[in-house]
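This briefing covers core packing, one buried residue and ring interactions. Please read it alongside the sequence and coordinates.

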Amino acid sequence: MTSGPYAGAAGGTTIPRCYRHPDRETYIACQRCGRPICPDCMVAASVGFQCPSCVKEGSATVRPKRTAYGALVRNPGRVTNTLIALNVAVFVLIHVTGGSPSPTSAGSVWLRRFWELPWFPSGAYDSVAGGAYWQLVTSMFTHVEVTHILLNMLSLWIVGTQLELLLGWWRYLAVYLVSGLVGNVAVYWFSAAGSPGNPGAPSLGASGAIFGVFACLIVLALRMGIDISQMLVILGLNLALTFTVANISWQAHLGGLLAGLAMGAGIGYLPAARRRIGYPAMFAGLVVLCVLATVVRTAQLPAVSG
């Protein structure tokens, strides 16, 4: 006589049925819990099959995989795509509201000029000295020329997704924003803004932030033993263009580059035991330095322009 869960009323055996679909007969059992499962419930395991419940329980107890710098291993690009979308949205709003010469400007006089809002530098860059300190951040999301934004966004998509994969969303976003901020503070310090007879010109674009992202990626690749010769060639070409082509802010590019190198070194070479506190402290420290540099530069400008 057979006993157990499959024993019939008259002592015979019954065909096992899937515990999730009682109307389906099956001879396959979960390798983990032993319950019968039908083909729709079979999840391939290293040996045999498991049921969905056991797979879910196993996933909850397994630590997710992370990169060498603490990022969860997942499809990258969310932050990069969001940054690109934000830059494009600002560009479109500037043009459709008449903030820059464009085919759509003439018919948009009924809209408030987005370009005139104080969040974006519509005049001399030394408007920061007048109290518009937020423009040190918002200017890195501002473009007025099609080629400018196309080149910047293409570069961001290429290098940004790679760094986002390594660092995860918040570290990557911090590198981007801090690099852009350092680049703009460098413009504030080393451009002609505030000089007698030359109030300066707007400094716009995401180039400083992108240079920082690229520099950080180079340092981390070097730390991981990856051949960086091609990246160095691309960096060299971009630096050559920076110092030879007119109307390119070398201050923003160089400032972002140096910030990216510093953060890349901090991220790549900081001992693992100190990263939880060390990473935020590094980012916050650079922001504090930017604030202090801005305050000092602002205090100098009245004497320069007077």
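The notes below go from the cores to the rings.

The model is predicted: local features need pLDDT of at least 70, side-chain atom pairs count only at pLDDT 80 or more, and totals for chains, interfaces and linings use all residues. Residues are numbered from 1 along each chain as its sequence is written, and side-chain values use heavy atoms, without hydrogens and water.

**Cores**
- The largest nonpolar core (buried Ala, Val, Leu, Ile, Met, Phe, Trp, Tyr and Cys joined through side-chain atoms within 4.5 Å) has 49 residues.
- Helices (DSSP runs of H or I, at least four residues, numbered from the N terminus) giving two or more residues to this core include α2, α4 and α5; α6 gives the most, with eleven.
- Apart from this core lies another of seven residues, among them Cys18 and Cys51.
- Val175 is in contact (heavy atoms within 4.5 Å) with residues including Leu163, Gly212 and Phe283, leaving aside neighbours within four places in sequence.

**Asn87**
- Asn87 lies in helix α2 and is buried (under 20% relative accessible area; exposed is over 50%, partly exposed in between; 1.4 Å probe, protein chains only), at 0%.

**Rings**
- Trp170 and Phe283 form an edge-to-face pair (centres within 6.5 Å, planes over 60 degrees apart, six-membered ring for Trp), at 6.0 Å and 85°.
- Trp170 is partly exposed at 33%, whereas Phe283 is buried at 5%.
- The charged end of Arg35 sits over the ring of Tyr19 (CZ within 6 Å of the ring centre and within 35 degrees of the ring normal), 4.0 Å from its centre.

Notes
Rings of Phe, Tyr and Trp (its six-membered ring) pair if their centres lie within 6.5 Å; planes under 30 degrees apart count as stacked, over 60 as edge-to-face and the rest as tilted.
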